[in-house]
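This report examines the fold of one protein chain, moving from a single residue to strands and then to helices. The reader is invited to follow each part in the structure shown below.

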Amino acid sequence: MRTPRGLGFGGAGLGNLFSEVSEEQAHAAVTAAWDRGIRYYDTAPHYGLGLSERRLGAALREYPRDAYLISTKVGRRLEPSADGGDDLANGFAVPVTHRRVWDFTEDGIRRTLDAGLERLGLDRVDLVYLHDPDDHAEQAFREGYPALEKLRAEGVVGAIGAGMNQAEMLTRFVRDTDVDVVLCAGRYTLLDQSAATELLPAALAKGTSVVVGGAFNSGLLADPKPGATYHYTRTPEEVLNRALRMKETAERHGITLRAAALAFCAAHPAVTSVLIGARSAAEVHDGADQFATPVPDAFWQELRETGLLPEPS
């Protein structure tokens, strides 16, 4: 199975990533995505301790189930918690109703998927990713991946994969397993092409779909300015300066840096879908408009001539 080519909808924002999003705003964002022709939607239990799954499922129930593809993730199992407080330490503006437990066992994966389906209000998802197994590689490959293979063989899910903020382990998944899709966040962008060295060529050679998330590197490429985040942390000055120079170049060529950032991700032949993490209908419409904007060849040429973008290998 391959994800739909083009834009996909990333559901982290629906889980109150960094700040609160109202129920109405979340629903309007999904409706706008549908109206703009987006048919791939991604979520995870991690996003707002299940809030993203609940909101996305509620909005998508208005549409024919066979008309869209939805993915969720396993590896962080949610257990009820009475600790109280908020979840901002993990990036989400939600009450701490649950705690996350790393669990890549077969039992944990099945329980996590079952709970996710209940929150989504769906009887199936199309694609399941192992979520961020960076520090759990042994268990993820020994237990987690075989568990996903079983789910796929049983017909519980249509496709399986892994989603991470790094390229190295995803390359191992592509080479050493039979995953259908990998989701690579923030490692194939205008500012970080680390996925281009091994992951994307390996995926292309094997026919594995690559979904790119984090095209704006957590905000910097959407609006480069002091205080913007890069890889979810404070932006180094050198990186900020590169982004600002890219923005100036884009504007000189009559486009936005957002349009260039999305076009760069989508242009690689291994990439099938590019996720936009919209929090509102306006952000969805802007993302779709930018994605549809042609980027002139002269822009890419100038980036390479000025050393802002490496020559393609």
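Which residues does Trp102 touch, not counting residues up to four places away in sequence? The model under discussion is a predicted one, and in it Trp102 touches Gly75, Arg76, His131, Asp132 and His136. Trp102 itself belongs to strand β7, which covers residues 98-102. One of the residues it touches, Arg76, is 26 residues away in sequence. In space, however, the C-alpha atoms of Trp102 and Arg76 are 4.7 Å apart. Trp102 has a relative accessibility of 38% and therefore counts as partly exposed, since that class lies between the buried limit of 20% and the exposed limit of 50%.

## The barrel

Eight strands close into a barrel, and their order is β1-β2-β3-β8-β9-β10-β11-β14. The pairing of these strands is parallel. Neighbouring strands of this sheet are turned against each other by 30 degrees on average, with direction ignored.

Strand β8, formed by residues 125-131, pairs with β9. Strand β3, residues 69-74, pairs with β8 as well, in the parallel sense and over four bridges. In that pairing, Thr72 has Val128 of β8 as its bridge partner. The link between β8 and β9 consists of six bridges, and these two strands also run parallel. Two positions illustrate the pairing of β8 with β9: Leu127 has Ala159 in β9 as its bridge partner, and His131 stands opposite Gly163 in β9. His131 has already appeared above, among the residues that Trp102 touches.

How many residues of β8 are buried? Seven of the seven residues are buried, so β8 is largely enclosed by the rest of the structure. For β9, residues 157-164, the count is seven of the eight residues, so this strand too is largely enclosed by the rest of the structure.

## A helix across the strands

Helix α5, residues 168-176, lies across β8, β9 and β10, the last of which covers residues 181-185. The helix runs at about 150 degrees to β9.

A residue of another helix, Ala202, offers a further view of this region. Ala202 lies in helix α6, which spans residues 199-206. Not counting residues up to four places away in sequence, Ala202 touches Thr171, Val174 and Arg175. Along the chain, Ala202 and Thr171 are 31 residues apart, while their C-alpha atoms are separated by 6.9 Å. Is Ala202 buried or exposed? Its relative accessible area is 13%, which is why Ala202 is buried, the limit for that class being 20%.

## Three pairs of packed helices

Two packed helices are described by the angle between their axes and the distance between the axes. The table gives these values for three pairs.

| Helix pair | Angle between axes | Distance between axes |
|---|---|---|
| α1 (residues 23-35) and α2 (residues 51-60) | about 55 degrees | 9 Å |
| α7 (residues 237-252) and α10 (residues 297-305) | about 150 degrees | 10 Å |
| α8 (residues 257-267) and α9 (residues 281-291) | about 65 degrees | 8 Å |

The helices α1 and α2 are therefore oblique to each other, and their crossing is right-handed. On the α1 side, Glu23, Ala26, His27 and Val30 take part in the contact, and they meet Leu51, Arg55, Leu56, Ala59 and Leu60 in α2. Sorted by class, this contact has six nonpolar, one polar and two charged residues.

How are α7 and α10 placed relative to each other? From their angle, they are therefore roughly antiparallel, because angles over 145 degrees fall in that class. The crossing of α7 and α10 is right-handed. Met246, Thr249, Ala250 and Arg252 of α7 make the contact together with Phe299, Glu302 and Leu303 of α10. This contact has four nonpolar, one polar and two charged residues.

Helix α8 passes α9 in a right-handed crossing. Here Arg258, Ala259, Leu262 and Ala266 in α8 meet Asp286, Gly287, Gln290 and Phe291 in α9. By class, the contact of α8 with α9 has four nonpolar, two polar and two charged residues.

Conventions: Residues are numbered from 1 along each chain as its sequence is written. This is a predicted model: local features need pLDDT of at least 70, side-chain atom pairs count only at pLDDT 80 or more; totals for chains, interfaces and linings use all residues. Side-chain values use heavy atoms; hydrogens and water are left out. Axes are lines fitted to C-alpha atoms, for helices over the stretch in contact, and angles run from 0 to 180 degrees between N-to-C directions. Angles under 35 degrees count as roughly parallel, over 145 as roughly antiparallel, 65 to 115 as roughly perpendicular and the rest as oblique. A crossing is left-handed if the near helix is turned anticlockwise from the far one by less than a right angle, and right-handed if clockwise. Contact means heavy atoms within 4.5 Å. Ala, Val, Leu, Ile, Met, Phe, Trp, Tyr, Cys and Pro count as nonpolar, Asp, Glu, Lys and Arg as charged, and the others, Gly among them, as polar. Buried means under 20% relative accessible area, exposed over 50%, partly exposed in between (1.4 Å probe, protein chains only). Two strands pair if DSSP finds at least two bridges between them.
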